[in-house]
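The following note sets out several points for a reader who is meeting this structure for the first time. Please consult the sequence and the model alongside each point.

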Amino acid sequence: MERDDIVERSVAVEQQTLRLLKLADASIIAAQSWLNAHPQADPREELAFIDLVSHLKGQSDGLLDIDLVPSVSRSASPAEGATADGGLLIEAPLRVDGTWTVRVAPLREKASTAQWRLDARINVPRIVALFESQRPRPNGSITVFHADGTTLIRAPAADDDNVISRSIRGSTDFKFFNKAQSGVFRSQGLFDHRERLVSFARLTPYPLIIAVTAGIDDLLLPWRRETAAVHGLAFTVSCLAILFSRRFLRTRRLSNERQVLLEQREEELRLIYDTSWAALFLIDHAGVIAHANRRMAEMFGCTLNQLIGSKYLCHVDESERAESREKLLELFSRGGAVDASDRLYVRNDGTTFTGHLIGQATVSSEGEIGIVGSIIDISERIKTEQDMLLYANVIEGTQEGILITDKNSAIIGVNSAFCKITGYARTELLGQNPRLLKSGRHDRAFYEQMYNCLTEKGHWRGEIWNRRKNGDVYPEWLTMSCLRDNSGNVTNYVATFIDITHIKESEAKLEHLAYYDPLTGLPNRSLLASRLQRALARARRDGARGAVLFVDLDHFKNVNDSMGHSMGDELLRMAAARLTSRLRETDTLARMGGDEFIVILEQLKEPEQAAAVAQSLIDELGQPFVFYSGQEFYLGASIGISIFPDDGCDVDLTVRNADAAMYQAKAAGRNTYRFYTGALTRAANIRVQLEVALRHALEQDEFVLHYQPLVDMNDLRITGVEALLRWQRPGESLVMPNSFIPVAEEAGLIVPLGASVLRKACRQMRAWLDQGVAMETMAVNISAHQLRQSEISQTVEDALRQAGLPARYLELEITETSLVAVGEAVESRLSDLKELGVHISIDDFGTGYSCLSYLKRLPIDKLKVDRSFVCDMAGNNTDLQIVRSIIALAKNLRLEVLAEGIETDTELFIRKRRRGQRLFLRPRIGEDPSSTTETSDGWR
């Protein structure tokens, strides 16, 4: 039977190999016929030829490597060591990139006129892998020899360098091969020198010989060749031979030579029995272990003496003991084989293990029924299977995409997350190359660096863009590793990745928030500084010029105060859109904060270009802004311009200089632009120093009040005074208000300074009243900043209370422009002040831009005519008519009128025509109002 098995295997291998060769022959003939029929065509672009090659590759199951090569790339004549038969050229084995191949080609290719040919090569490692499943195990072999004695293929794949391409010409086996077409003979192994049985056959019409061998020892022990079931049957034979061989030898009275041979065989069987890697045993009809080998004793953790004579069921775990007893009883009653099954056994120390049981009922010569069987400890195998199942579940359940390829980068496995992320089905990916995911965003150098790192370090990690099945490109964080065998050869590549699309989107949002203004969407300070830094560097490098435009919206605060911050935000968005529409794509528009914008212009030929852009922006912002409610609003813009690198060589200086120029534009009347000059910088430095000095002066109480008399024109009697603020710096001349009041307002010092003026003025008025001086009014100026404070009425009340001055003596003067600046809040503020009992007058009347309707809404007592109308009243008829109109308006509204600036005989005109009105004289230094009774020059 053993011989028949070897022959049967040999025939199967021969038929398979013959099929492969015929396939190769037919494939090349078919392909070459197509090529000869289309000599001018490029087969790489012909679908018919591509389909033909794909079909040929599919038929060979990967055993043939088929490539298209130019005919001129290789000589058509047989290579050295190549032989031909049956029209097929078979070359000697050739090692390419570490892999053995055997090229086959028809001799017809010599006459081919085509520019291309098909190159078919037998892949030796794949053939070896196929033979591995068919050769007799564990020591059998399958070898393919050339007719000239060259070894082409051998399974198992031993040391290829010593086997493949080795010639057996001159050996005894080669002589047997040449004696007949096929046959079977015993041989001393050609490569391992073990005693073997060889079955061979010559493959007609090809010059090949197939040899299938099996070890003699394997033939004596067939239970070792296949599965654990075969092991059980082999054990039956060996046990019976051991138990009954002596009796059989004695009863037959064989010759001494036969007796010696059988004893040798008996000793060999006993040796095999004792050294088997499976636990072998014999159970008698009572369920007692009658015989066992050493492996079984080791497996159960006891000695043979302890094992033999014990009950078999005592070694089965209690949870499975009842089932095992039923199986044994059934086997004793009906005979036959035990179904292969897994059992839980108990070792001598109480621990358990899982064993795979195979058994067979047997009958002794005395008619007693027993059971022979084998047990294989499969605990490690089960643990490995569980671990593999766990790993498989983890891989399948993870949210990371996982891809596994073979060493040739062909995909052999993916998990569900990979399919979900990429959109491909698992069947669409298997066998493909991962390059089908390439997005096209990376160049060849990127992939070369990636694979060089993978080869050198064994892993690569980084960000990469890939493409989904639907064409969408997405970013992923990829980790690649290569797996190697014990020899260090790469066997597989493993890639894991996560889709970082959401992370990228979040990063983009965070970056936008960090570098862009959330209200207008324009670059903010940080991005502006970065862009301006680059613009300055380019200007220095190219010797070019650029400009920074500092844009400040005029009267924007009025919108917030009168219409609310939501309307203010809407106005800022509209203003940003208008500014953008007037700029080039290469220009930068940024929002500095509030109502301030910065424009960066590059590559200016002349500074006038910046002026043209500034005027364009002013014109654009001068157009009416229409809100969604239909309401219109007009804005202007003051723009300061600094030219870089002339006016500044760094970011801060360039912006600061443009800011200084912007303030000059505001000082020039707003809605215009100004260039930066050195004088502006000096003025800014003076302003900073002035602010510091003002704070110090407020702390040291360096401010004094001078009083300007209020004269009744009927009798030139002083009826009151106006408190005028002066700054008396130690050791220096007197500083007038117009030099420091604007700075105090911008620095936020005007509120505490105004409160101090109120307290001093009220105390002085109280002192004069206590001295018996006949006075009716103490006039004090209130700024727009003070009027914006909700606690202004409380401040006035506190000053009156602390001085002990009745409210009727205090008159608060408010400029007409302050009413516009404060907006709607002024009416409630003035009403609160009026309730205290103080008087309210409008200063600089006629110079503001407000509507006269406030005269009937606000609690006003007096109008004060601005000196610009009074000074030239005698020589300018227009001024005279304006003064007359103001006096008539006040009279009709029952308001008092005061005029300032009457220092010459002009007052006679007013005195003659407007009796009962009051005028201011030139202010006098000091706190004694009686000293003002002296008339100034021009008074008589």
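1. Leucine 390 is partly exposed, because its relative accessible area is 47%, and partly exposed denotes a value between the limits of 20% and 50%. The model under review is a predicted one. Leucine 390 belongs to helix H12, which covers residues 379-397. Together with Tyr391, Val394 and Ile395, Leu390 makes a nonpolar surface patch of about 380 Å².

2. In soluble globular proteins, nonpolar side chains tend to be buried together. In this model, the largest nonpolar core contains 62 residues. The residues with the most contacts inside this core are Leu694, Trp727, Met778, Val796, Leu810 and Leu833. Helix H24 (residues 750-770) supplies the largest share of the core, namely nine residues. Another core, of 41 residues, lies apart from it and includes Val144, Leu152, Ile153 and Ala214.

3. Which residues are in contact with leucine 810, leaving aside its neighbours within four places in sequence? They are Leu758, Cys762, Met778, Val780, Val796, Leu800, Val838 and His839.

4. Strand S19 (residues 459-467) shows an alternation of side chains. Trp460, Gly462, Ile464 and Asn466 are buried and point to one face. His459, Arg461, Glu463, Trp465 and Arg467 point to the other face and are not buried.

5. Strand S19 runs antiparallel to strand S20 (residues 473-484), and nine bridges join the two. Opposite histidine 459 stands serine 481 of S20. The two strands, S19 and S20, form a hairpin with five residues between them. In the turn, glycine 471 has a positive phi of about 100°.

Conventions
Residues numbered from 1 in each chain as written. Predicted model: local features only at pLDDT ≥ 70, side-chain atom pairs only at ≥ 80, totals over all residues. Heavy atoms only, no water. Core = buried A, V, L, I, M, F, W, Y, C linked by side-chain atoms within 4.5 Å. Buried < 20%, exposed > 50% of the residue type's maximum accessible area, 1.4 Å probe, protein only. Helix = DSSP H or I, 4+ residues; strand = E, 2+ residues; numbered from the N terminus. Contact = heavy atoms within 4.5 Å. Patch = residues over 30% accessible without salt bridge, like charges linked within 9 Å, V, L, I, M, F, W, Y side chains within 5 Å. Areas by Shrake-Rupley, 256 points an atom, 1.4 Å probe, with all protein chains shown as cover. Salt bridge = Lys/Arg side-chain N within 4 Å of Asp/Glu carboxyl O. Pairing = 2+ DSSP bridges.
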